[in-house]
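Hi,

Here is the structure I promised to send over. Have a look at it first, and then read on for what turned up.

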Amino acid sequence: RLLEGTRLENGWLDSEESFITYPDYIRLIRNALDITKDGALGLKLGQTVNLAMFGAFGNALMSSKTLKDAADVFLKYQDLPGQLTRISTKQSDSEWVLQFEPLYPFEDQVLVYAMEEVLSTTYYGMNFLVNQEVDLTEICLIYPAPEHARLYEEMYHCPVRFMASGNYMRLDARFSSLPVFTANRSVYEYCTKFCEEMLKGLKKSDQFVDQIRNIIMTSLGRFL
């Protein structure tokens with residue numbers, strides 16, 4: 001049922017070279033939401049992320065010196081894993097703000113899924129990198145509060161403002177300087193060099209055609 005309405009065939013994830021088009025990706029999300037009957041699927045999938053499953057990109061994050069360095073790596077190479085949003089950051093002496101923008105004009109539950117997945121992945125990814133809970137001061141989102149809105153404050157332990165002017169995650173600037181507990185300069189240099197080569201070779205396309213996000217699709221099986 002997960003592949004219904006797509007051009008994908010059984011066994012398509014067996015190959016590491018698998019690709020997916022934007023329409024098929026959106027259909028997969030809708031199918032998964034329909035099968036699981038779980039509007040909070042994006043929030044839950046983000047908790048399952050293992051950065052090592054992103055290959056050189058994930059290892060570049062894990063080998064960074066500080067959380068800010070890991071964020072810089074992500075911002076530079078975020079086109080590599082293929083995703084539904086683009087992340088940018090702003091930082092002052094007191095505050096670090098992460099902004100999330102949908103790459104496409106998503107509607108209804110797909111927009112909610114896309115934002116919840118990136119929020120959860122980012123938050124739990126940061127916690128993993130520094131081996132402690134990162135305290136958020138506020139989350140702002142452009143859509144109305146979903147039925148499972150209570151889960152946001154339970155998971156992120158901060159005020160959540162819906163129907164805001166943008167999608168933001170705010171935290172104290174001091175967290176950016178926290179050391180990554182798996183930092184390794186040699187691994188960092190090797191992986192960022194590899195990412196640089198991958199980025200150069202990334203083909204441009206009019207369609208949403210990126211390497212399949214195995215982390216998401218593998219995690220989906222836990223809820224089906």
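Let's start with a helix pair. The axes of α4 and helix α7 (residues 185-201) come within 11 Å of each other, and they cross at roughly 15°. Angles under 35 degrees count as roughly parallel, so that is the label for α4 and α7. The crossing of α4 past α7 is left-handed. On the α4 side, the contact uses V73, K76 and Y77, and on the α7 side it uses Y188, T192, C195, E196 and L199. Sorted by class, that contact has five nonpolar residues, one polar and two charged. Keep in mind throughout that this is a predicted model.

α4 also packs against α3, with the two axes 8 Å apart and an angle of about 155°. The cut-off for roughly antiparallel is over 145 degrees, and α3 and α4 are therefore roughly antiparallel to each other. Here α3 brings F57, A60 and L61, while α4 brings A70, V73, F74 and Y77. What classes of residue make up this contact? Seven are nonpolar, with no polar and no charged residues in the contact of α3 with α4. If you're clicking through, V73 and Y77 of α4 are worth showing as sticks: they turn up in the contact with α3 and again in the one with α7.

Next, a pair with another geometry. Helix α1 (residues 22-36) and α5 have axes that come within 10 Å and cross at roughly 95°. Since 65 to 115 degrees counts as roughly perpendicular, α1 and α5 are described that way. From α1, the residues involved are I26, I29, R30 and L33, and they meet D108, Q109, V110 and Y113 in α5. This contact of α1 with α5 divides into five nonpolar, one polar and two charged residues.

Now for the cavities. How many of 30 Å³ or more are there in the whole structure? The search finds four, and the largest has a volume of about 380 Å³. Its lining is made of 24 residues, and the ones nearest the centre are L61, F74, I87, T121 and T122. The elements giving two or more residues to that lining are α3 (55-62), α4 (67-77), β2 (85-91), β3 (95-102) and α5 (108-130). α5 supplies the largest share, with seven residues. As for class, the lining of the largest cavity counts 16 nonpolar, six polar and two charged residues.

One link back to the helices: L61 and F74 lie among the residues nearest the centre of the largest cavity, and both also take part in the contact of α3 with α4.

Cheers

Conventions: Residues numbered from 1 in each chain as written. Predicted model: local features only at pLDDT ≥ 70, side-chain atom pairs only at ≥ 80, totals over all residues. Heavy atoms only, no water. 1 Å grid on protein atoms, 1.4 Å probe; cavity = no way out; pocket = protein on both sides within 12 Å on 5 of 7 lines; lining within 4 Å. Points joined across faces, edges and corners; volume = space filled by probe spheres on them. Helix = DSSP H or I, 4+ residues; strand = E, 2+ residues; numbered from the N terminus. Nonpolar A, V, L, I, M, F, W, Y, C, P; charged D, E, K, R; others polar. Axes fitted to C-alpha atoms, helices over the stretch in contact; angles between N-to-C directions. Left-handed = near helix turned anticlockwise from the far one by under 90°. Contact = heavy atoms within 4.5 Å.
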